[in-house]
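Here are some exercises to work through with the model open beside you. Try each task on your own, then check the steps below it.

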There are 2 protein chains.
Amino acid sequence: MEDARLPYLLRKENISRLEGKALLIGDRRVFPFERSFVRCTTIGEVASAIRGMVTQGGGPLQVALTAMRWVALQSEGAPGLASLAPYAEAARMLSQARPTNTTMKRTLQGIITRMDRHLVRHPDETPVGLASFVNRMVDGIEEAFDAKYASMSDFGASMIADGRGIITTCFAEHSFLLSVAKARDAGKRVCVYVPETRPYLQGSRLTAPSLQEMGVDVVVVTDGMGAHLMQDGSVGLYMTAADLVAMDGTVVNKTGTLANAVCARYFGIPYVVFALSPDPLQPTVAVDMVEERSGFDVLVCRGVPTTSTGMAGRYPAFDVVPPSLVRSIVTPQGVFAPSAIGTDWLACEGTADGDEEI
Amino acid sequence: MEDARLPYLLRKENISRLEGKALLIGDRRVFPFERSFVRCTTIGEVASAIRGMVTQGGGPLQVALTAMRWVALQSEGAPGLASLAPYAEAARMLSQARPTNTTMKRTLQGIITRMDRHLVRHPDETPVGLASFVNRMVDGIEEAFDAKYASMSDFGASMIADGRGIITTCFAEHSFLLSVAKARDAGKRVCVYVPETRPYLQGSRLTAPSLQEMGVDVVVVTDGMGAHLMQDGSVGLYMTAADLVAMDGTVVNKTGTLANAVCARYFGIPYVVFALSPDPLQPTVAVDMVEERSGFDVLVCRGVPTTSTGMAGRYPAFDVVPPSLVRSIVTPQGVFAPSAIGTDWLACEGTADGDEEI
C-alpha cells in the first residue's frame, strides 16, 4: 500500500491514471506552478510524452504499468483468442522512449515474458482472461514496489543522524523522501538542502516543494553550492537516487551528482545511493554511454533566455559516478557497499525475483 | 592603454563614466539583454548601486576611480583652500558598499593617503589644484591596471595548451578574457566552457557573451557540470579570478568555485587563479567570514520563480578555496605557487608599490 506520507507528486494517481479513453500523465515540467496532466490517446503519444520529459525518474515506470492496464482495457473486447502482440508492441515503444531507465525496460520485459509463458500454458486464453491476468500482475508489481520503497526508506531513515544536514541532487523520489519523513517522525531533526538541478530545476520544482508539503525543513540552493555547504558543516550526508547502478557499483544519476560525490569524498561526507534495482545485465558503465540532451536547454530557464542569442550550450544529462566515491547503496534487499552489488546483492536479488512470480 | 581586444563590458566607458552632472554605471544585471546604465547623482546612490550588484567583480574598483574624478569635478569650484573631506567621505562610503572587494578598499585608501601627504606638503593647495592632483593620480592608477592586465594575460596565455578545453566560474574579466584571446591569437585552439553561475548568471550573461563577442569558442553549461566535463576530457584547465587572495594562498571567489576546484584536484586538472592584488593585510580567510546574500535570490531566475511560494533559500555568495587546491596564482608580478604568495610575491609587491607613487 502507498505510504500516506507521500506527497502529491508521488501518489500513483498523480503520476499516471486512466480516465475515459485516455491515459493521463502528471506533467512534472510545469509543477509546482501548475498541477496539470498530459492527455494521451495512443501508446505513441505516451512514448512521446516520456521522451519529452513530461515525467521523469521513476515516473516512466509507473506510466508503463498504467499503460499495460490501458492495453488490457482496450484488448478486452477483441474477438477470438488473446493476443500478446499489442502488449509487446506497447512494451517495445515505451522501453525505447527512455533508454537510461533500465528498471522500466526490465519490468516491461518481465511482464511480456510472463504473459508469453501464461499463453503457452493456456493456449485457449480469451482477451478478457489475458487482460485480467495482466491487471493482477500489475497489481502485484505495484504492491511489490510499495514494499520496496517501504524497506528502502526504513534503511535510509536509519542512516540519517539527528541534526545533520542532508544534501541531494535532482528528485530522488519515494525512497529518499520517505527516508527523510521517517527520520523526522522518529524524532530526528532533519534539514534537506536541495540544489535546484538546472536546467530542468527538478530540485527546486519537484524535490523542494514535495519536502515542503511533507512538512520537512528544506532549503533550496544552486547547483554550485554543495561544496560550500559541506565545508561549512551545514550538510553531513549526501543522498541521491540512481538512474542506473551497474554490477561493479558504478552509479548513473543526473548531471551534478558527480561533482557533489567528489566533494563529499573530499570533505569526508558519506554518499548514499538509493537503487531500486541495480542492473544485473550491466557490468559497468562507460562515460561515453551517457545520453546528451539538447544544449539549447541550458540557455533558458523556465522558457526565459539566460544568455545572448546564437550561444552554444551543452547538456550531458547524466553523470557516471565511480564506485570508489559511493559509501553505500540502499536496495530493497538491504544496504550494500558498491563492491558487493555484483556479489552479495546479486545473490539476494536472484532469490527475491522468484517471489514476484505469479 | 586598454587592450583593443576587450569586449564591450570591460571597456572603461561602459563600466562607468561621467555624463553631465551624473555618474553612469553600466548595468551588468540586465546585460546582454539590455545595454543600459544606472544614473547616479550622489555618492550615496553610487554606493547603493554597488550594493545592489549593478556592477560586480572589478567593476566597483573602476566605479570608485570614476567617483574620485567626479568628486574632483564637483570640488573644483569650491571657495577657499582644498579640502580632503569630500574625497575621504566618498572613499569611506564606497569601501563599505562591497566589503569583499579589498582591492577597491586598498586603492581608495592609497588615494586618500597620498592626497593627505600632498596637502601636508602643500598647505596652500587650491580646490582646482587638488582636483588636478587627483585626476593625474587616477590616470596613473588606470594605466597601472591596464599594464597589470597586460602582463597577467601574457602569463595566462602561456599556460593555455593548444586544444585543451578550459572551464571557468562567474566572470573572470580582463586577465582571463585577454589570456584566452592572446592564446587564440597565438594560434592555439581554445574552447571555454562557462558554467552559468546561478543565481545571477554572470557566466551565461557576462562571460559567455563577452567571449562570443571576442570570437572565442564558448559553450555554456550549468553549474553542476564541471566534474562531468573534467571526467570526459572536455576540459583540462580551470581558470578563475579571485575576489580575494590571502597571504597563505587561500582564494575567495564566487560560489561554485570550490566545487570545481575540488573536482579539478580529483581529476588531476590544474586550477589557475588570476589575482590582481593579493591582500597583504589578510593572513588567511575563514569560511565564516564570507558574505551571505538573500536566500530569495536562489528562488528566482531572471525574475521568474523557480520553486513554490514560501520556500527557504540560501545564498552563500563566495567560496573559500584552500591553497592545497590551487596550482598557480597569476599576479601582475608573475606566477606563484599559493605557498609563495606570503613570501616571494609579497617581496615583489613591496617593490612594485613604490613605482605607483606620484
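**Exercise 1: a hairpin and its neighbour**

Task: Find out in which sense strand β8 (residues 244–245) and strand β9 (residues 251–254) of chain B pair, and over how many bridges.

Solution, step by step. Keep in mind that this is a predicted model.

- Step 1. Follow the two strands of chain B: β8 and β9 pair in the antiparallel sense, over two bridges.
- Step 2. Pick out one facing pair. B:Val245 sits opposite B:Val251 in β9(B).
- Step 3. Look at the turn. The hairpin of β8(B) and β9(B) has five residues between its strands, and one of them, B:Gly249, takes a positive phi near 85°.
- Step 4. Now see what else β9(B) pairs with. β9(B) and β16(B) are joined by four bridges, again in the antiparallel sense. In that pairing B:Val252 has B:Val320 as its bridge partner.

**Exercise 2: a sheet that borrows a strand**

Task: Work out the strand order of the eight-stranded open sheet, and say which strands are at its edges.

Solution, step by step.

- Step 1. Write down the order: β14(A)-β6(B)-β5(B)-β4(B)-β7(B)-β10(B)-β17(B)-β18(B), with mixed pairing.
- Step 2. Find the edges. They are β14 (312–313) of chain A and β18 (334–336) of chain B, each of which pairs on one side only.
- Step 3. Check a pairing inside the sheet. Strand β7 (residues 235–241) and strand β10 (residues 271–274) of chain B run parallel and share four bridges. Here B:Thr240 has B:Val273 in β10(B) as its bridge partner.
- Step 4. Try the join between chains with the letters swapped. Strand β6 (residues 217–221) of chain A runs parallel to β14(B), with two bridges between them. Across this join, A:Val219 stands opposite B:Ala312.

**Exercise 3: how the two chains meet**

Task: Describe the contact between chain B and chain A: how many residues take part, how much area is buried, and how many salt bridges there are.

Solution, step by step.

- Step 1. Count the residues: chain B gives 59 and chain A gives 59.
- Step 2. Turn to area. The two chains bury about 4500 Å² between them, and 64% of that is on carbon and sulfur atoms. On the chain B side, B:His228, B:Tyr266 and B:Arg314 lose the most area to chain A, together 14% of what that side buries.
- Step 3. Look for charged pairs. Four salt bridges are counted between the chains. Take A:Arg314 and B:Asp232, whose closest N and O atoms are 2.6 Å apart. That falls within the 4 Å cut-off, so the pair counts as a salt bridge.
- Step 4. Sort the residues by class. The side of chain B that touches chain A has 35 nonpolar, 16 polar and eight charged residues.
- Step 5. Compare the copies. A turn of 180° and a shift of 0.0 Å along the axis lay chain B on chain A with an RMSD of 0.0 Å. That's the relation of a two-fold axis.
- Step 6. Ask whether the surfaces match. 100% of the interface residues of chain B are interface residues in chain A too, so the copies meet through the same surface.

**Exercise 4: a link across the sequence**

Task: Explain why the salt bridge of A:Asp185 and A:Arg5 ties together parts far along the chain from each other, 180 residues apart in sequence.

Solution, step by step.

- Step 1. Check the distance: the closest N and O atoms of A:Asp185 and A:Arg5 are 2.9 Å apart.
- Step 2. Place both ends. A:Asp185 is in helix α7 (residues 173–185) of chain A, while A:Arg5 is in the segment before α1 (12–15), so the bridge ties together parts 180 residues apart in sequence.

**Exercise 5: spotting unusual backbone**

Task: Locate two cis peptide bonds and a positive phi outside glycine.

Solution, step by step.

- Step 1. Recall the usual case: most residues other than glycine have a negative phi, and most peptide bonds are trans.
- Step 2. In chain A, the bond joining A:Phe31 and A:Pro32 is cis, with omega about 0°. A:Pro32 lies in the loop between β2 (22–26) and β3 (37–40).
- Step 3. In chain B, the bond from B:Arg198 to B:Pro199 is cis, with omega near 5°. B:Pro199 belongs to the loop between β5 (191–195) and α8.
- Step 4. For the phi, go to B:Met53, where the value is near 65°. B:Met53 is in the loop between α2 (43–51) and α3 (59–75) of chain B.

Notes. Residues are numbered from 1 along each chain as its sequence is written. Chains are lettered from A and ligands numbered from 1 in the order in which they are written. This is a predicted model: local features need pLDDT of at least 70, side-chain atom pairs count only at pLDDT 80 or more; totals for chains, interfaces and linings use all residues. Side-chain values use heavy atoms; hydrogens and water are left out. Contact means heavy atoms within 4.5 Å. Buried area is the accessible area (1.4 Å probe) that two parts lose on being put together, summed over both. A salt bridge is a side-chain nitrogen of Lys or Arg within 4 Å of a carboxyl oxygen of Asp or Glu. Ala, Val, Leu, Ile, Met, Phe, Trp, Tyr, Cys and Pro count as nonpolar, Asp, Glu, Lys and Arg as charged, and the others, Gly among them, as polar. Two strands pair if DSSP finds at least two bridges between them. Copies are superposed by least squares on the C-alpha atoms of residues with pLDDT of at least 70 in both.
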